[in-house]
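Work through the three exercises below with the model open. Each task is followed by a stepwise solution.

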Amino acid sequence: MKTKLIFTFFFSTLSLFCLSQNKQTDTVKTEKAKWKYEPNFMVGFDLLNAGVSFFSDRKVYQGFISSRVKGDIHAVAEAGFESNVYKKNSYDGKASGPFVKLGAFYMLAKDSDNPFNGFYAGGKLAGSFYTQEYMAVPVRGFGGSNSSVAFPSSTQSSFWLEGVLGGRVQLFESNFYIDVNLQPKYLAYTTKQDDIQPMIVPGFGKSSSKFTMGFAWNIAYKF
Amino acid sequence: MKYLKIFLLTLILGLVFSCGGDDDICESGEGTPRMKVSFKRESTGLPRTLDSLYVAVDYGSGKVQLGKQTNINSRLIPLRVDDAPYTDVYFRLSDKGAESKVRVSYTTKSTYVSPGCGIKKNYENLDAQLTNTNPVVKLEAGQNFIENEDKTNLYLLF
């Protein structure tokens with residue numbers, strides 16, 4: 001919960017920052033009729049989740065590469081690694097593995113001076129290939145007669161759809177940007193061990209429900 | 001600016017939804033089924049209604065009183081879910097009255113149900129042994145496996 005508060009705090013200060021920038025719009029550049037892809041890359045690393053990893057069982061390291069394809073459309077690829085444990089409701093499980101996401105987003109509102117500054121929304125397809133081990137899956141009984149069943153370590157994969165809503169802002173006049181985004185996720189498909197619904201999926205989060213919300217606070221460098 | 005409003009609204013809604021349920025609740029009926037016990041009159045073999053019945057079960061750490069039920073013609077008794085091959089069930093007609101002990105032995109099978117319920121146990125090859133013939137005089141077998149709570153698994157003859 002604390003991480004979420006920190007995140008919202010950052011985001012609220014950022015949105016103020018961006019709003020003030022957007023007020024300066026006077027000149028509107030006309031887009032060229034002929035489009036040519038100019039190589040441009042932005043590489044970012046999620047600092048907030050990496051920082052939180054030091055204090056929690058959930059360890060997430062993720063980064064992204066994005067490129068402006070045409071006009072306001074940017075392509076984005078993300079990759080990361082997560083390891084997590086689930087100890088709740090008599091469950092005891094752990095999962096760890098890499099995940100990848102591919103998608104695109106559209107700049108909804110941008111700074112006229114810098115097309116990389118602004119708010120964006122988009123979507124991604126994501127997949128995770130991970131190792132899980134459930135040391136205890138509960139058998140619920142009566143009168144204090146509870147027991148559990150253990151399952152051996154196995155390799156599973158999950159796939160989900162992810163929306164992205166975020167903002168990107170240039171740090172002063174440097175090539176560094178702060179990129180903050182929210183990721184509503186919907187679990188589309190997962191392989192199962194003995195029909196057991198996985199409780200945690202790396203990159204997706206707690207997966208006992210199909211819907212989760214992720215966030216990232218990135219420092220990015222534009223080449 | 002219209003975009004911005006939509007954007008911020010989605011953001012707020014997103015935060016609201018993201019706080020939603022992680023704790024799955026196990027709804028009754030989905031978990032491990034209980035054993036159904038019905039009653040018969042020993043002299044006639046016909047079903048009978050009991051004025052009162054006290055049940056206690058040993059779940060591995062001593063007797064647990066499941067309390068009294070009145071005017072019943074059947075009763076559901078939860079069995080052990082650990083790896084023990086039997087459950088001891090105690091029946092008596094009055095609080096201070098004589099007690100019959102029934103040892104119900106079985107084999108179990110584990111099936112995964114849902115995130116909330118976890119795993120449920122089904123009981124197979126049910127077999128009951130009576131050790132004290134007062135107040136229960138005899139036992140009669142019913143359906144010898146427990147997959148749901150519909151059919152009677154054991155008849156007690158009084």
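Two strands count as paired if DSSP finds at least two bridges between them. The model is predicted.

**Exercise 1.** Find the partner strand of strand 8 in chain B, and the residue opposite B:Ala141.

Step 1. Strand 9 of chain B, residues 154–157, pairs with strand 8 of chain B. The sense is antiparallel, and the pairing runs over four bridges. That meets the cut-off of at least two bridges.
Step 2. Opposite B:Ala141 stands B:Leu154, in strand 9 of chain B.
Step 3. Place the pair in its sheet. The order is 4-1-9-8 in chain B, an open sheet of four strands with mixed pairing. Its edges are strand 4 (74–77) and strand 8 (138–141), each paired on one side only. On average, neighbouring strands here are turned by 30° against each other, direction ignored.

**Exercise 2.** Describe how strands 6 and 7 of chain B are joined and paired.

Step 1. Locate them: strand 6 of chain B spans residues 100–114, and strand 7 of chain B spans 118–130.
Step 2. Trace the link. A hairpin of three residues joins strand 6 to strand 7 in chain B.
Step 3. Read the pairing: antiparallel, over 11 bridges. Within it, B:Thr111 stands opposite B:Lys120 of strand 7.

**Exercise 3.** Summarise the make-up of chain A.

Step 1. Count elements: chain A has two helices and 11 strands.
Step 2. Order them along the sequence: α-β-α-β-β-β-β-β-β-β-β-β-β.
Step 3. Check burial. Of the 223 residues in chain A, 32% are buried.
Step 4. Check contact range. Among chain A contacts with a separation of 6 or more, 63% link residues 24 or more positions apart.

Definitions and conventions:
Residues numbered from 1 in each chain as written. Chains lettered and ligands numbered in written order. Predicted model: local features only at pLDDT ≥ 70, side-chain atom pairs only at ≥ 80, totals over all residues. Axes fitted to C-alpha atoms, helices over the stretch in contact; angles between N-to-C directions. Buried ≥ 20, exposed ≤ 12 C-beta atoms within 10 Å, placed from the backbone. Contact = placed C-beta atoms within 7 Å.
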